[in-house]
Amino acid sequence: TTTTNNNVIHLTSVIYNASGPRTGTSTAMAKIAVSEGAGGVLAKSATLVAQKGNDLPRTWHEDSNGAAAAASSSSTSSTTSLNSEGLPNNGIDYYINPQTIRETMAGCTNRKPYMVSISGKTLNDNLQMLQKIYKAIHEQQQQHDANPGDDEKINIAAVELNLACPNIIGKPTIGYDFEQMEDVLKRVSSLPCFGTTSPPLFPLGVKLPPYFDRSHFIMAATILNKYKHILTYVATINTIGNALAVDYPAEMKAVRPNGGYAGLSGPAVKYTALANVCMMRELLDESIDVVGVGGVQTGKDVFEMILCGAHAVQVGTCHWLEGPGCFDRICRELRLIMKEKGYTKIEDFRGKLKEW
Ligand code: DHB
């Protein structure tokens, strides 16, 4: 009794959380799950084995005046963030454990999807994690079939393969190494769960780093299109890697690990994110959805992402700084914009950005 739409993710709203902030534990994720505005829950990028991540301090927030800001400060609208967390996470077994999913989704009244993100330290780790996920989904389905009273929603609705983590010291960002990127997709597509004749057994997305040169967009999209049979979506962008912030009073590098170089996020990256959404939408096969992510903090930002062609929009830094209340607020703002503009559904404006 697997569903027929195995490559569809049924988000209950057009926005949900980005993997990363406030996604490491079931306690944190439960707050996203109960938020009506969040259309899904995406877990922190997992590695094969749990790890602590990089040394502290590994995050930095500052407002447009250059003053240091804190997470959960009242004014977050112009805050720039940097992180070099180095993938602190509880390990894949935690994020696919039915108990974790149950705890995460317990207070959720609608049927929003629970999704996992993987960011293996090696290709082999990614392949092993995908096989673990497949096994977990299969076991959960069997459990449900044997006992239909069991909660069907305690399952993994999609997997996001992170090709974009910039903070693993000594490891290149896979999405910037096109040979490696192709190799990863090739090996992933030959796993049993992505049989060549039938649709994949679960929806797969990839998270990409930002690109800045049209030739790189074309190279990335060409590879992704080759593997469209296993790809439901492409999420773009991850942080802009290897940014540097200076702690001005201390005259020091603001974050400690990785020589102070860290992933940049927040409103500063929105324009790069819009360009990546727009250009990927232009270059990718139409069967692959684009999920926009990067600097989104208002309904207007979401509206712009959708105009550029996004099917859904993830919220990362704003969720980090404002907390899970951001999803309801952003949805309210988007509804107001749609009302003002006379749009009744997302399809009325998705991808309809006008050319000169
Ligand atoms: C981390 C940062 C990222 O941008 C990412 O994609 C994965 C992990 C981190 O430092 O934990």
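## Starting point: what buried means

A residue is called buried here if 20 or more other C-beta atoms lie within 10 Å of its own. With that in hand, we can explore this structure, which is a predicted model.

## Strand S6, covered on both faces

Let us begin with strand S6, residues 158-162. In this strand 5 of the 5 residues are buried, so S6 is largely enclosed by the rest of the structure.

In a regular strand the side chains alternate between the two faces of the sheet. S6 has both of its faces covered: Ala158, Glu160 and Asn162 are buried on one side, and Val159 and Leu161 are buried on the other.

Which strands pair with S6? Strand S5 (residues 114-118) pairs with S6 in the parallel sense over 4 bridges, and methionine 115 stands opposite alanine 158 of S6. Strand S7 (residues 204-208) also runs parallel to S6 and is joined to it by 4 bridges. Here glutamate 160 stands opposite glycine 205 of S7.

## The whole sheet

Stepping back, S6 belongs to an open sheet of 8 strands with parallel pairing, in the order S1-S14-S13-S8-S7-S6-S5-S2. At the edges are strand S1 (15-17) and strand S2 (41-46), each of which pairs on one side only. From one strand to the next, the twist averages 25°.

At the S1 edge, 3 bridges link S1 to strand S14 (residues 312-315), and the two run parallel. Isoleucine 15 stands opposite valine 313 in S14.

## Helix H7 against the sheet

Helix H7 packs on the sheet, where it touches S8 and S13; its direction makes about 175° with that of S13. H7 covers residues 270-283, and its 14 residues reach 20 Å from first C-alpha to last, close to the 20 Å expected at 1.5 Å a residue.

Among the buried residues of H7 are Lys270, Ala273, Leu274, Val277 and Arg281. What covers the buried residues of H7? The cover includes helix H6 (214-226), strand S8 (233-236), strand S13 (289-293) and helix H8 (299-307).

## The nonpolar core

The largest nonpolar core has 98 residues, and those with the most contacts inside it include Ile15, Met115, Val159 and Val313. H7 gives the most to this core, with 6 residues.

Some of these names are already familiar: Met115 faces S6, and Ile15 faces Val313. Leaving aside its neighbours within four places in sequence, valine 313 is in contact with Val14, Ile15, Val291, Gly292, Val293, Val296, Val302, Met305 and Ile306.

Conventions: Residues numbered from 1 in each chain as written. Predicted model: local features only at pLDDT ≥ 70, side-chain atom pairs only at ≥ 80, totals over all residues. Buried ≥ 20, exposed ≤ 12 C-beta atoms within 10 Å, placed from the backbone. Pairing = 2+ DSSP bridges. Expected span 1.5 Å × (residues − 1). Contact = placed C-beta atoms within 7 Å. Core = buried A, V, L, I, M, F, W, Y, C linked by C-beta atoms within 7 Å. Axes fitted to C-alpha atoms, helices over the stretch in contact; angles between N-to-C directions.
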